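Student: I'd like to practise reading a model from its features. Could you walk me through one?
Tutor: Sure, let's put it up and go feature by feature.

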Amino acid sequence: TKYELLEKLQVLQKRTLKQSIDNSNIKNRLAETQKANEALKRMLSHMPTVEVKHKLVVQQRINRQMAKKLKTLAAERSLDEVELNVRQCTIKKFAEQINCMRELAVTYSANRSVTKNNKNEDVKIISVDQQKFIECAPYSDVDSNVSLMCNKT
């Protein structure tokens with residue numbers, strides 16, 4: 001009976017030793033998972049919340065809309081520049097016509113004064129100073145939709 005009791009004691013000691021080793025292993029794994037949990041909590045605390053992500057999405061949408069507006073405004077500006085240059089060319093043509101009319105009026109008044117022999121008729125002459133205009137033509141560029149090629153005359 002003593003021998004059986006010793007065997008039982010050894011078996012119980014082995015079982016308690018095995019359980020204590022398993023218990024320490026479980027405690028170690030629990031400590032590791034707690035460390036990992038704390039690390040994840042720290043990482044999550046630094047990550048943006050849903051509200052911040054929503055604000056970011058809204059801001060990105062606003063930025064895209066503003067970029068579209070800027071592109072349309074740039075296109076309108078280039079078209080306005082082309083229109084301005086066309087108007088300047090038209091003004092130049094009218095100025096040339098006025099100068100031609102002035103020259104005709106001067107020659108006509110000189111001819112009239114010679115034929116009428118000193119009749120005092122006043123002919124008002126319109127004078128237009130020669131202005132420097134820029135002639136521009138639109139051309140397409142790879143980087144921009146419409147650009148201007150200008151020459152000073």
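Student: What pattern does the protein chain follow when read along the sequence?
Tutor: Keep in mind that this is a predicted model. Along the sequence, the protein chain runs α-α-β-β, with 2 helices and 2 strands in total.

Student: Which elements have the highest and the lowest mean pLDDT?
Tutor: pLDDT is the predictor's confidence in each residue. Helix α1 (residues 2-46) comes out highest among the elements, with a mean of 95, while strand β2 (residues 147-152) is lowest at 49. Over residues 118-135 the pLDDT is below 50, yet this stretch has 32 contacts in the model beyond near neighbours in sequence. For the protein chain, the average is 82, and 73% of the residues score at least 70.

Student: How about burial? What share of the residues is buried?
Tutor: Buried means under 20% relative accessible area. Here that applies to 6% of the 153 residues in the protein chain. The accessible surface is about 14300 Å², and carbon and sulfur atoms account for 58% of that.

Student: And contacts along the sequence: what percentage joins residues 24 or more positions apart?
Tutor: Counting contacts in the protein chain with a separation of 6 or more, 46% are between residues 24 or more positions apart.

Student: Next, charged pairs. How many salt bridges does the structure hold?
Tutor: The general idea is that side chains of opposite charge can pair when their charged atoms come close. This structure holds 2 salt bridges. Arg77 pairs with Glu81, their closest N and O atoms being 3.3 Å apart. Glu83 pairs with Arg87, and there the closest N and O atoms are 2.6 Å apart.

Student: Why are Arg77 and Glu81 separated by about one helical turn?
Tutor: Because they sit 4 residues apart in helix α2 (residues 50-116). Glu83 and Arg87 are also 4 residues apart in helix α2, so about one helical turn separates them as well.

Student: Are those side chains buried or exposed? Take Arg77.
Tutor: Arg77 is exposed, at 56% relative accessible area. Its partner Glu81 is partly exposed at 28%, and Glu83 is partly exposed at 39%.

Student: Last one: how many disulfides does the structure hold?
Tutor: A disulfide is a covalent bond between the sulfur atoms of two cysteines. The count here is 0. As for cysteines, Cys89 is partly exposed with 23% relative accessibility, and Cys100 is partly exposed with 45%.

Key: Residues are numbered from 1 along each chain as its sequence is written. This is a predicted model: local features need pLDDT of at least 70, side-chain atom pairs count only at pLDDT 80 or more; totals for chains, interfaces and linings use all residues. Side-chain values use heavy atoms; hydrogens and water are left out. A disulfide is a pair of cysteine sulfur atoms within 2.5 Å. Buried means under 20% relative accessible area, exposed over 50%, partly exposed in between (1.4 Å probe, protein chains only). Contact means heavy atoms within 4.5 Å. Accessible areas come from the Shrake-Rupley method with a 1.4 Å probe; for residues, only the protein chains shown count as cover. pLDDT is the predictor's confidence in each residue, from 0 to 100. A salt bridge is a side-chain nitrogen of Lys or Arg within 4 Å of a carboxyl oxygen of Asp or Glu.
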